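Me: I have a model open beside its sequence, and I would like to learn how to read its helices. Could you take me through it step by step?

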Amino acid sequence: MNKSMSVALLVVGVILLVFGLNAYHSASSDVSRFFTGAPTDKALWLLLGGFVAGGVGFLGLLRK
């Protein structure tokens, strides 16, 4: 994997994490946590996608 693709994945991962954290702290997620004990699916998928994309991008930057 070339460095530019790794940097792009890292940037996309950070952006997804920011959107995921915003969705996690939204009013709809608060209501969902009140009734079900879990945040909305959208927040969880954004956070998971951000961690995966950021992790793959970071590992790609560490490789030679």
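Reply: Happy to! Keep in mind that this is a predicted model. Let's start with the outward side of one helix: on the other side of α1 from its buried residues, S4 and N22 are exposed.

Me: Which residues of α1 are buried, then?

Reply: They are S6, G13, G20 and A23. Looking down the axis of α1, you would find these buried residues within an arc of 105°, so they line one face of the helix.

Me: Why would residues that are separated in sequence point the same way?

Reply: Here is the general idea: an α-helix has 3.6 residues a turn, so residues three or four places apart point the same way. In this structure, α3 gives you another case. Its buried residues are A43, L46, L47, G50, A53, G54, G57 and G60. Seen down the axis of α3, they fall within an arc of 170°, so they too line one face of their helix.

Me: And which residues are exposed on the other side of α3?

Reply: Those are D41, W45, F51, L59 and L62.

Me: How do I check a helix's span against its number of residues?

Reply: Use 1.5 Å a residue as your ruler. For the 22 residues of α1 the expected span is 32 Å, and the end C-alpha atoms are 31 Å apart, which agrees. Helix α3 also has 22 residues, with an expected span of 32 Å and end C-alpha atoms 31 Å apart, so that agrees as well.

Me: At what angle do α1 and α3 pack?

Reply: Start with the axes. Helix α1 covers residues 3–24 and helix α3 covers residues 41–62; they pack at about 155°, with their axes 7 Å apart. An angle over 145 degrees counts as roughly antiparallel, and α1 and α3 are therefore roughly antiparallel to each other. Their crossing is left-handed. Sorted by class, the contact of α1 with α3 has 17 nonpolar, 8 polar and 1 charged residues.

Me: Could we look at single residues now? Is G54 buried or exposed?

Reply: For this you need a cut-off: buried means under 20% relative accessible area. G54, in helix α3, has a relative accessible area of 14% and is therefore buried. Its C-alpha atom is 8.8 Å from that of S6, although the two residues are 48 apart along the chain.

Me: What about residues between buried and exposed?

Reply: Exposed means over 50%, and partly exposed lies in between. L21, which sits in helix α1, is partly exposed at 44%. From C-alpha to C-alpha, L21 and L47 are 7.0 Å apart in space, and 26 residues apart in sequence. V52, in helix α3, has 48% relative accessibility and so counts as partly exposed.

Me: How far is V52 from G20?

Reply: Their C-alpha atoms are separated by 13 Å, and the residues are 32 apart along the chain.

Methods. Residues numbered from 1 in each chain as written. Predicted model: local features only at pLDDT ≥ 70, side-chain atom pairs only at ≥ 80, totals over all residues. Heavy atoms only, no water. Axes fitted to C-alpha atoms, helices over the stretch in contact; angles between N-to-C directions. Helix = DSSP H or I, 4+ residues; strand = E, 2+ residues; numbered from the N terminus. Parallel < 35°, antiparallel > 145°, perpendicular 65-115°, else oblique. Left-handed = near helix turned anticlockwise from the far one by under 90°. Nonpolar A, V, L, I, M, F, W, Y, C, P; charged D, E, K, R; others polar. Expected span 1.5 Å × (residues − 1). Buried < 20%, exposed > 50% of the residue type's maximum accessible area, 1.4 Å probe, protein only. Arc of directions from axis to C-beta.
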